[in-house]
Each structure stands twice: as structure tokens, then as C-alpha cells.
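Please study the sequence and the model below, then work through the exercises in order. Each task is followed by a solution in steps.

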Amino acid sequence: MSQTQDRPVSKQSARQLARRAALDAQSKMREQRVERERRLSGRGVEVMVALGERDEMVRRCEQRAGEALHQMTAVEGLGLHEAIQWCGKDLSRREAARLCALARDEVPPSRAASDDSGD
């Protein structure tokens with residue numbers, strides 16, 4: 001056998017092996033961190049898209065409720081208090097007023113004009 005094979009690993013070689021092992025472990029940790037950040041980024045986008053969809057759905061439902069209250073008050077001639085009574089005890093005057101204002105703000109003028117014509 002050659003002398004290099006019989007000799008124990010030198011201090012310098014041991015240091016190089018240990019350094020390589022540490023660098024490999026750190027590299028693996030960095031890769032795992034990057035992968036985790038990618039997953040977390042995707043989840044964050046998922047959360048915000050879902051909340052945006054929820055907000056849009058709530059906006060559309062509130063718009064429909066406001067339009068119905070507008071029909072009850074402006075077209076049917078009820079006062080807001082009486083319209084609230086027709087809706088049930090869970091609708092407050094403040095909420096009804098907010099929904100009516102929302103409907104007034106978002107109804108396009110051409111549609112508002114056709115609603116008043118008795119269609």
C-alpha cells in the first residue's frame with residue numbers, strides 16, 4: 001500500500017472535510033428556507049385572494065339589499081322605519097340607512113331612471 005493510504009487523515013484534511021460537511025448542511029438549510037418562503041408566499045396570496053373575493057361578494061349582497069330597501073321606500077312609498085319592520089328585527093335603522101346610501105351611490109343614473117318608471 002502507498003504511504004498516503006496508510007496515514008491517518010491529516011489535520012488539514014479533517015478540517016476540510018468538516019468545513020465541507022458544514023457548508024453542505026448550510027446549503028441544504030438555505031434550500032429548505034427558500035422552499036418554505038415560496039410556500040408561505042403562495043399561502044399569503046391565497047389568503048388575500050380569498051378575502052378579496054369575500055369582500056366583493058359582501059359588496060354585491062349589500063348592494064342588492066340596498067336596492068330592495070330603495071324599492072320599498074322610493075317606489076312603494078314606505079318610510080324607512082316601516083321598511084325596516086317588513087325586514088324583521090335583525091335590521092337596525094343605522095344599517096338600513098347605510099344600505100340605502102350604498103344603493104344610491106352605486107346605482108347608475110340610467111338604471112335609476114328606469115326603476116322609477118315602474119318597470
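**Exercise 1: Two packed helices**

In this predicted model, helix α2 (residues 11-75) and helix α3 (residues 80-87) pack with their axes 9 Å apart, at an angle of about 130 degrees. Classify the arrangement of α2 and α3.

*Solution.* Step 1: angles of 65 to 115 degrees count as roughly perpendicular, and angles over 145 as roughly antiparallel. Step 2: the angle between α2 and α3 is about 130 degrees, and therefore α2 is oblique to α3. Step 3: the handedness of this crossing is right-handed.

**Exercise 2: A salt bridge within a helix**

Determine how glutamate 35 and arginine 38 are placed along helix α2 and how accessible each of them is.

*Solution.* Step 1: the two side chains form a salt bridge, with an N to O distance of 2.5 Å. Step 2: because glutamate 35 and arginine 38 are three residues apart in α2, about one helical turn separates them. Step 3: glutamate 35 has 32% relative accessibility, so it counts as partly exposed. Arginine 38 has a relative accessible area of 52% and is therefore exposed, the cut-off being over 50%.

**Exercise 3: A second pair**

Describe the salt bridge between glutamate 56 and arginine 60.

*Solution.* Step 1: the closest N and O atoms of this pair are 3.8 Å apart, and the cut-off is within 4 Å. Step 2: glutamate 56 and arginine 60 are four residues apart in helix α2, which means a separation of about one helical turn. Step 3: Glu56 and Arg60 are linked with Arg59 in a network of salt bridges.

Key:
Residues numbered from 1 in each chain as written. Predicted model: local features only at pLDDT ≥ 70, side-chain atom pairs only at ≥ 80, totals over all residues. Heavy atoms only, no water. Axes fitted to C-alpha atoms, helices over the stretch in contact; angles between N-to-C directions. Parallel < 35°, antiparallel > 145°, perpendicular 65-115°, else oblique. Left-handed = near helix turned anticlockwise from the far one by under 90°. Buried < 20%, exposed > 50% of the residue type's maximum accessible area, 1.4 Å probe, protein only.
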